Structures are given as structure tokens and as C-alpha cells.
Amino acid sequence: MPGTAPSRLAATLNDAFLLLVLGVLAAILSAAMVLQYAFGEVPCPLCLLQRAAMFGVCFGILRHFRDGASDRSIGIAQAFGVLLLVVAVRQTLLDIAPRPGHAYVGSAVLGLHMPVWSVLIAVALLLAFAVKMAVLGGDVAPGAAPPLVWAARLLGGYVLALCAVNLVSVVVQCGVGQCHTMGYRLLE
Amino acid sequence: MMVAVFMALLLALLLDRVGRPAPALMALAIGFALSVGLFLFEIYSPEDGFRMPWLQSARDVAAAVVG
């Protein structure tokens, strides 16, 4: 029943939820870049793939605000959420047993290393989408409130800028070849 | 290849922002496929393939103790 009070409330809650997820993802990507540039932690290839997966989730959410509520947008976000989970779990398992030449990349935050945080983030993302769909359903009325659309546009611009900075950073770190954590290839 | 992944994702975000959804989705699909390919390339080991033999250490130790 589009236009009725409950469905409009559901749509507003849906938009607010997705905006919150987008904001959290933008904050996480920003924190990763602060760790990289301010604390000198060069990201590993799997770490970069996890960032790429997060940008994919952001894309799905931004499509929601551009196109209105659709299962396709959330499907895109969930597909990249699963990619994030697979990459993060594999990286966690790679270094889970102490052996020569294998240790978690970077420093621990609150006792957990980055790949473990990525697993938690991916699980939280997928769980959040599942709870959202269970509580609000997938057939919420289209058309977000203008303030939420503007906030999404603003955050979308920020995510776009983050992605551009990441691209430049990847070019400097990896060139056009394989990425390594030893340093920035173009600065050597 | 990592450069190609981020280039595809940036292109997708950019095209979506300027109101070109179809090419944006195409760029995103390419970015997704490249990410999966690069992930498989990164985790493949010539010795172990895609297996993770270090996770079997507990079983191996138990087998050695029993044996």
C-alpha cells in the first residue's frame, strides 16, 4: 500500500538505515586510509580487495538512493558483502596459525587485527541487511525524504573521492603489477 | 590488476553519479569479476593449490601421537 502512513514510515526507516550503513562504511574506509598514510601501514593485496568490496557495497546503497528502493540495489550490496566476507575469512585463516613468514599485517586495534575486523564488518553488514529485510520487508515505498537524499548525495561524493584517492594510492603502491607490502613501488 | 579493479569501481561510481546506470553496472560487474579473479590469483600457491595445510596441524599432531 504505497503512500499509507506505515509504508512511508517503513520507507523512511529503510532509507535512514541505508544512509547509516553508508556513513559507517565511509568512516571505516577513511580509518583504513588514516592507518595507511598517518601510521605507515602499507595495505596487502587482500586488504585492498576488502576495500574494493566495501566500495561495491557503497555503490549498491548509492543506487538505492538514485533509483528508489529496489531489490537489485540491495542485491548488489549483498554480493559485495559476501565477497568481503570470503576475502576477509581467507586472509584471517592464512595467518591464524603462527609459522615463519606469516603474521597478520599491520597493528591490532582493540586486540583484533584488520582481517579479523573485516570479518566482523562483513558479518555485521550481511546481518544488518537480513534484519532490515525481515523487519521492514523488501517492498517499501520508493522515494526517500529530500534531506536523506541530499545526505546520501553528499556521502556519495565523499565515497567517490575516497575511491579516487585509493586508485592513486594503488597506482603508487603497485604500479601496473602485483602489489606488495614492502613499500610504494613508484616511490622507490 | 589491482589498478584495474579500482579503476572499474571508480568508473562505476562516477558513471552512476552522472546518471548513466547501465554503463555503471557494467563497470561494476567488471570490477567484481576482476576482484574474484585477483583474489583467486593471490591465494593460489604452487605447492598447496587452494588448500590450507597449516590448518590441519592439530589433526596431524593427533595422528602422530596415536601413530
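Here are a few questions and answers on how chain A is described and how it meets chain B.

This is a predicted model, with pLDDT of at least 70 needed for local features and 80 or more for side-chain atom pairs, while totals for chains, interfaces and linings use all residues. Residues are numbered from 1 along each chain as written, with chains lettered from A and ligands numbered from 1 in written order.

Q: What makes the pattern of chain A α-α-α-α-α?
A: Chain A has five helices and zero strands. Helices here are DSSP runs of H or I with at least four residues, strands are runs of E with at least two, and both are numbered from the N terminus.

Q: Why is H3(A) called roughly antiparallel to H4(A)?
A: The axes of H3(A) and H4(A) (residues 114–136) come within 8 Å and cross at roughly 150 degrees. Angles over 145 degrees count as roughly antiparallel, so H3(A) is roughly antiparallel to H4(A).

Q: Which residues of H3(A) and H4(A) meet?
A: Among them are A:Leu84, A:Leu85 and A:Ala88 in H3(A), and A:Val119, A:Ala122 and A:Phe129 in H4(A). Being in contact takes C-beta atoms, placed from the backbone, within 7 Å.

Q: How many residues does each chain bring to the contact between chains A and B?
A: Chain A brings 32 residues and chain B brings 24 residues. On the chain A side, H2 (45–67), H3 (71–94) and H5 (146–174) each supply at least two residues, and H2(A) gives the most, with twelve residues.

Technical notes
Two residues are in contact if their C-beta atoms, placed from the backbone, lie within 7 Å. Axes are lines fitted to C-alpha atoms, for helices over the stretch in contact, and angles run from 0 to 180 degrees between N-to-C directions. Angles under 35 degrees count as roughly parallel, over 145 as roughly antiparallel, 65 to 115 as roughly perpendicular and the rest as oblique.
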